[in-house]
Amino acid sequence: MPCDQAEQDRLAIQHQVFVSALKGKLTTTRVTNATRRILDLGTGPGNWAVAAAQQWPHAEVVGVDMAVWDLETTEAEPGGGRVTWELDDLDVWGEESDIEILTARLDRSGFFGEVNEAYRAESSSRSNAKGSPSQSQTPLTSEGDSSYNPYVLQQEFQPGWHFSEPFDLIHVRNMKGTFASWEEVYTEIYNNLTPGGWVEVADYECVLPEMLHSNQIPGEMRLENYRQRDAHDFVVPTMRKLYLAMMEGSFRSGRPLGTYYLHPTYLEDAGFKDVKTTYVNVPVGQWPEDEEQRRVGKLFLVALMECLEAHLLRLMTRHGDSSGIWTVQQVKEQVEQAQKELLEYNEQGSRQKMKEGWCANFKWVSGRKSKNAPL
Ligand SMILES: C[S@@+](CC[C@H](N)C(=O)[O-])C[C@H]1O[C@@H](n2cnc3c(N)ncnc32)[C@H](O)[C@@H]1O
């Protein structure tokens, strides 16, 4: 995903949608005076973190992200609170690209044999520790670095996250397609919570309009169901094409999109108790009769139109789908076409003012670490 101004604007709009869906609330969990430390994981430009810091000024709110965002703009929000920002990659189990860098470095330095093997064996463990919060790292040197000395011992990385203190609430929102191993992420979340602390994970699924009339449960759609239908069954056919391509590309990338990671069993398996799911349907577009719903639907439509290129550009030009790797121009043309279809669809809906129409399925899942759990 990009981290430019357009994406920052989109995430700010999406933040408003999430909050409106919860009728102005920031969370489905209970934040009390005993909630001292709050972590917003993958905070992006920090809209949630800044709002949380304002709402709960007694708590220290930490926002972590691997990308650099224009945080001053977010902090300048009227009434926004102060947040401690940390820049870190929390995916310590992702692609093991450092092995290749390491091997290339060893090859360049002309260093073969035992040590090379030993390094490989050590690095190939799952805990390749690409990054570790609040721990200074010796970065793996990049291509062309001639100062690398394979005889000098490097700091040994420990697997997992290393925050200096645990949190009372860890908030994760809008992170589908981010991690390859959600099981490991939930284990880290659990380990970095105080006994009695809460996790909350929120995201949405935008099922295409026609599917709403099928027998399936919204949010539980399968790709085959989309494939089996003809393109003309869909009022937004290019959206359907892009949806399929995006899902396929994300599987190819090893980081599948979709809200499967909000399934309560992920939290239960990680050891969380009192796992609870909250569902809210958010209108897509201005079809609702109700004024407030129309406002939220319009916001979501804008966010949806803007998310297409953000999601697809890198995915399709790098990983592609069964038709191959897409060009930048192909992606841009298809996105433009899908946006036109969405606008036309919205025009029709807003003229009719309906009671029921196309909705995105928003979900919040929360769980509690047992008070008796060891720290
Ligand atoms: C779609 S944005 C969501 C931002 C924010 N949670 C929200 O709801 O507005 C996903 C964010 O996750 C961050 N991210 C992705 N992978 C990450 C990683 N491995 N470690 C830390 N942050 C990551 C991205 O940089 C991006 O800011």
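Modeller: A polar contact is a pair of N or O atoms within 3.5 Å. The model discussed here is predicted.

Colleague: Which residue offers a backbone N or O atom 2.9 Å from a nitrogen atom of the ligand?

Modeller: Two other contacts involve side chains: an N or O atom of Asp65 lies 2.6 Å from a ligand oxygen, and one of Asp89 lies 2.8 Å from a ligand nitrogen. The backbone atom at 2.9 Å from a ligand nitrogen, within the 3.5 Å limit for a polar contact, belongs to Leu90.

Colleague: How much of the area that the ligand exposes when taken alone does the protein bury?

Modeller: The ligand is surrounded by 17 residues, with Gly42, Asp65, Asp89, Leu90 and Arg173 the closest. Alone, the ligand exposes 590 Å², and the share of this that the protein buries is 90%.

Colleague: Which are the edge strands of the open sheet of seven strands?

Modeller: The strand order is β3-β2-β1-β4-β5-β7-β6, with mixed pairing. An edge strand pairs on one side only, and this holds for β3 (84–87) and β6 (273–283).

Colleague: In which sense do strands β2 and β3 pair, parallel or antiparallel?

Modeller: Val62 stands opposite Thr84 in β3. Over four bridges, β2 (residues 60–65) and β3 pair in a sense that is parallel.

Colleague: Why is helix α6 largely enclosed by the rest of the structure?

Modeller: Helix α6 (residues 182–191) packs on the sheet, where it touches β1, β4 and β5. Its buried residues, among them Trp182 and Tyr186, pack against β1, β4, β5 and α9 (264–270). The helix is largely enclosed because, of its ten residues, the number buried is seven.

Key
Residues numbered from 1 in each chain as written. Predicted model: local features only at pLDDT ≥ 70, side-chain atom pairs only at ≥ 80, totals over all residues. Heavy atoms only, no water. Pairing = 2+ DSSP bridges. Helix = DSSP H or I, 4+ residues; strand = E, 2+ residues; numbered from the N terminus. Contact = heavy atoms within 4.5 Å. Axes fitted to C-alpha atoms, helices over the stretch in contact; angles between N-to-C directions. Buried < 20%, exposed > 50% of the residue type's maximum accessible area, 1.4 Å probe, protein only. Near = heavy atom within 4 Å. Polar contact = N/O pair within 3.5 Å; in protein donor to acceptor, adjacent residues only side chain to side chain. Areas by Shrake-Rupley, 256 points an atom, 1.4 Å probe, with all protein chains shown as cover.
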